[in-house]
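Work through the exercises below with the structure in view, and try each task before reading its solution.

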Amino acid sequence: MASYLDHVPLSGIIRIRDMMYSVTDPFRLDQGDVSFDAPDTVKQAMARAIAENKTHYLQTNGVPRLRELIAAKLRQKNGVPVDDPEDVLVTHGGIHGLYIVCMALLEPGDEVLIPDPEWPPAAGNVSAAHGVPVGYRLHERDGWRPDFDEIVSRITPKTRVLYVNSPSNPTGGVLTRADLERLAAIARDHKLWVISDEAYEDVVFDGEHVSIASLPAMYERTIPVYTFSKSYAMTGLRLGYVAIANPAIRDRAKKVLFYTASNIASVVQFGGIGALEGPQDCIEDFRIELRARRDLFYRGVAELSGGVFSGQPPAGAFYAFLKIDPNWGSQSPESISWRMVEYLIKNGRIGCVPGVDFGAHGEGYVRFCFARDRKELTGALQSMKQLFGVTV
């Protein structure tokens with residue numbers, strides 16, 4: 001009776017959320033949610049859709065106008081050669097997009113190479129599709145980028161997919177064009193599919209965002225996954241999309257889309273149309289403010305006494321993935337990541353996520369989201385200073 005699901009872990013983020021509900025006046029640095037509001041173009045489009053009674057069934061793959069806009073965006077902004085909007089499937093957020101892709105691609109026992117540390121649903125969705133996640137390490141010393149020889153060494157006859165996430169959640173690492181060219185060569189040489197998680201495409205502070213599907217001969221073997229959540233502050237509306245060139249894989253994904261959602265909420269899709277048809281100023285405005293919040297948070301962390309946390313500001317995304325001083329606290333066999341998180345929640349009202357939740361190589365780290373407003377970030381930092389002291 002679906003016993004395979006017993007081996008699909010729930011992210012520790014769920015446990016954190018439960019803990020945070022018992023905290024009075026919490027600092028919610030645990031959730032990857034921006035404090036910005038969605039642009040007026042999104043809200044107006046949704047209100048107009050309701051007023052015009054656009055509340056009925058729609059095409060399974062998505063509203064034609066939205067898919068046309070997404071295809072144009074992929075060509076013009078990402079450089080992905082999407083010739084036909086039929087390639088595009090609209091999903092219930094990025095996590096749903098990843099789910100339908102894994103279901104459409106994987107046979108039982110297929111191995112998927114996944115970064116470690118990495119957003120927990122990456123491995124979870126692979127497992128849910130009866131696949132086997134195989135980690136490849138991201139190295140802090142190299143700006144949270146992988147060792148390519150190590151990736152090759154992890155490939156077996158069962159390896160089918162290479163999972164790429166840039167900018168990275170949780171590390172904030174950004175892969176360079178040269179990095180992606182190396183990964184593309186590995187995928188071609190070993191006949192691998194590529195799943196490219198580009199949720200944070202618009203949150204890059206240093207370097208540039210490059211879509212691996214834009215590289216020569218890569219779109220045919222790459223499925224990029226996107227979301228409106230981060231770029232347009234639409235996290236709660238749940239709107240994402242994927243692009244699949246291969247007709248057979250796309251048809252399989254469409255079946256999964258139908259059986260899990262029938263179609264994505266009509267009003268939300270019209271909100272997506274408003275986002276793409278409207279001015280794009282908000283994307284740059286958000287990025288500038290996120291950089292300021294990043295710098296504010298890291299200045300505050302640097303003032304803590306004893307060097308309890310260390311790490312460089314991320315090149316992208318909006319997380320501080322900080323290493324915990326191994327000498328901090330009691331030397332119990334329990335995970336130091338979890339000990340730190342529970343300490344911060346219970347004693348400082350500060351929500352955060354243990355690094356080990358993102359993979360074995362995340363142990364010893366903790367993730368904070370600095371996309372919250374400045375008042376909340378300042379309050380969390382002040383709480384940390386009371387717990388750990390301040391450098392003189």
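Two parts are in contact when heavy atoms of one lie within 4.5 Å of heavy atoms of the other. The model used here is predicted.

**Exercise 1.** Determine how many residues of helix 5 are buried, and which elements these buried residues pack against.

*Solution.* Begin with the cut-off, by which a residue is buried when its relative accessible area is under 20%. In helix 5, which spans residues 120–128, 8 of the 9 residues are buried, and the helix is thus described as mostly covered. Among them are Pro-120, Pro-121, Gly-124 and Val-126. Then apply the contact rule: the buried residues of helix 5 pack against helix 4 (93–105), strand 2 (111–116), strand 3 (132–139) and strand 5 (159–165). Finally, look past the helix to His-130, which follows helix 5 and has a positive phi, near 70°.

**Exercise 2.** Work out which strands stand at the edges of the sheet with the order 9-10-12-11, and which helix packs on this sheet.

*Solution.* The sheet is open, has 4 strands and shows antiparallel pairing. Strand 9 (309–310) and strand 11 (353–354) each have a single partner strand, so they stand at the edges and one side of each is left without a neighbour in the sheet. Helix 10, residues 281–302, packs on the sheet and touches strand 9, strand 10 (319–324) and strand 12, while its direction makes about 15° with that of strand 10. For the pairing of strand 11 with strand 12 (residues 365–369), one finds 2 bridges in the antiparallel sense, and Pro-354 has Val-366 in strand 12 as its bridge partner.

**Exercise 3.** Classify the aromatic pair of Tyr-200 and Tyr-319, and explain which parts the pair ties together.

*Solution.* Planes over 60 degrees apart count as edge-to-face. The rings of Tyr-200 and Tyr-319 lie 5.7 Å apart, centre to centre, with 75° between the planes, and the pair is edge-to-face. Tyr-200 belongs to the loop between strand 6 (193–197) and strand 7 (222–227), whereas Tyr-319 belongs to strand 10, so the pair ties together parts that are 119 residues apart in sequence. Both Tyr-200 and Tyr-319 are buried.

As a further step, consider Phe-205 and Phe-370, whose pair is tilted, with 6.5 Å centre to centre and 40° between the planes. Phe-205 lies in the loop between strand 6 and strand 7, and Phe-370 in the loop between strand 12 and helix 12 (374–388), so this pair ties together parts 165 residues apart in sequence. The charged end of Arg-294 also sits over the ring of Phe-205, 4.9 Å from its centre.

Terms used. Residues are numbered from 1 along each chain as its sequence is written. This is a predicted model: local features need pLDDT of at least 70, side-chain atom pairs count only at pLDDT 80 or more; totals for chains, interfaces and linings use all residues. Side-chain values use heavy atoms; hydrogens and water are left out. Two strands pair if DSSP finds at least two bridges between them. Axes are lines fitted to C-alpha atoms, for helices over the stretch in contact, and angles run from 0 to 180 degrees between N-to-C directions. Rings of Phe, Tyr and Trp (its six-membered ring) pair if their centres lie within 6.5 Å; planes under 30 degrees apart count as stacked, over 60 as edge-to-face and the rest as tilted. Buried means under 20% relative accessible area, exposed over 50%, partly exposed in between (1.4 Å probe, protein chains only). A charge sits over a ring if NZ of Lys or CZ of Arg is within 6 Å of the ring centre and within 35 degrees of the ring normal.
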